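This report covers model confidence, one helix, the nonpolar core and one loop residue.

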Amino acid sequence: MKRILLWSGVVIGAAAIGVLIYLIRSTCVFGNHVFTPATCTEPMVCTRCGEQEGEPLGHVFGEATCTEPSVCLRCGEHHADPLGHEWLPATCTDPETCARCGITNGEPLGHVMTDPNFQVRSTCTRCGYTAGDPLTPALTGRTFRELQIGEPAPYTTASYEDRDVDVTGSAEITDYRVIDGDETFPAREGYEWHIATIRLVFDGEDAQSHGAQSAYTFGDYYILDNAVAGREGEDGMRTFAADWYGMRVQCWQKTGATLENDWVDRELHFTWEEGVLVPKGYDGVLLILYHFGKAADATRLYLPASEVLDEDALVFRMK
Ligand SMILES: [Zn+2]
Ligand SMILES: [Zn+2]
Ligand SMILES: [Zn+2]
Ligand SMILES: [Zn+2]
C-alpha cells in the first residue's frame, strides 16, 4: 500500500511537472509573453497570445529635398513628394540656380554692355555693371589758356579799324552763374542756363588810337567743334550740339545784356553776358576768346573751335 501511494505520487508529480512545462512553453499564463519588437505602426505583440504591449514607435520621417521624397527612416513609408527645385532666374553672372539646394541649370546670361560715352563707362543695361573708361574728351592733354573766374588774363586781338594792328588788353570772367532761366534767358525743361559775364579792358595807346574788336566762339571740351550756328534765330538764340550720354543733344547760345561798351578814363571797356542753355549738369561748353584777325570777315565770328583754339586763345569752361 505504501508503495502504491509512492508511485502514485511520482506519477502525479511527473504529470504536474509536464503540465507546468507545457504551460510555460506553450501559453502565457505566467506572463511569459514572447513579444515581437514594436514597429512604426504596431506595438510589441506576443506571438503566442496576441497580447500587445507599449505603443507603436511612430514613423521617423526624413526631410524631403528638391529631388528626394520624405520617407520613414525606419520602415521606408512614403510621406511627401520631392519638393522640386525653387529656381531663381539666371542673371548676368550666375546661371539659373535653385534657392534651396544650389544646383544650377544652363549658363549665365552675360552682360549687355552699352558703348561708353563721354559721361559714363560702358555699362550693363541689365545689372548696371560698368567696365573700362569713359570716352576720352577731345581736349584731354591739350594745353590752352584757361580763364578762371575773377582773374584777368592778357588778351590780344585786332584793332577795330585795321585787322593787321594788334591791340592788347585783358579779359576776365567777372561773374558766372547757373540758373533755370529768367526774362533774358528762357527756361527749358531738362535744361539750365550757364551764364558768364565777360569783361574786356583795353588801356594801351594802340587801343586808344584804333579801338579794339573782340572775337569769340563756342567749342566743346569733349567733341571740340559743337557746330554753333553762325546766325541767331528770331529769339536771339544760336543752336549748337553737345554730346550727352552718347546722344547728340541740341543746345542754345544767347548773348545777354551789354553792361559796358565805353571809354572810361582812356580805357576801352566791354562787359556783357553770354549764356548757354545745356542739359542739366552738362559741363563741356567752352567759351573761346580769340584774335579777331583769325576771322575772315566779321560775319563769321562763330568759327569752329578747331580753327581758333591755339595757344593764344583764352578758354573759359562753362561747367
Ligand atoms: Zn502572450
Ligand atoms: Zn516608419
Ligand atoms: Zn533644388
Ligand atoms: Zn550685367
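The sections below take these topics in turn.

## Model and confidence

This is a predicted model, in which local features need pLDDT of at least 70, side-chain atom pairs count only at pLDDT 80 or more, and totals for chains, interfaces and linings use all residues. Residues are numbered from 1 along each chain as its sequence is written, and chains are lettered from A and ligands numbered from 1 in the order in which they are written.

The protein has a mean pLDDT (the predictor's confidence in each residue, from 0 to 100) of 93, with 98% of residues at 70 or more. Confidence is highest in strand 14 (residues 191-202), with a mean of 98, and lowest in helix 1, with a mean of 80. Helices (H or I, at least four residues) and strands (E, at least two) are DSSP runs, numbered from the N terminus.

## Helix 1

The end C-alpha atoms of helix 1 (residues 2-26) lie 36 Å apart, which agrees with the 36 Å expected for 25 residues at 1.5 Å a residue; the expected span is 1.5 Å times one less than the number of residues.

Of its 25 residues, 0 are buried. Buried means 20 or more other C-beta atoms within 10 Å of a residue's own, exposed 12 or fewer, and partly exposed in between, with C-beta atoms placed from the backbone.

## Nonpolar core

The largest nonpolar core (buried Ala, Val, Leu, Ile, Met, Phe, Trp, Tyr and Cys residues joined through C-beta atoms within 7 Å) has 51 residues. Strand 14 gives the largest share, 7 residues. F218 is among the residues with the most contacts inside this core.

## G204

G204 sits in the loop between strand 14 and helix 2 (205-210). G204 is partly exposed because 15 other C-beta atoms lie within 10 Å. The C-alpha atoms of G204 and T168 are 7.2 Å apart, at a separation of 36 residues along the chain.
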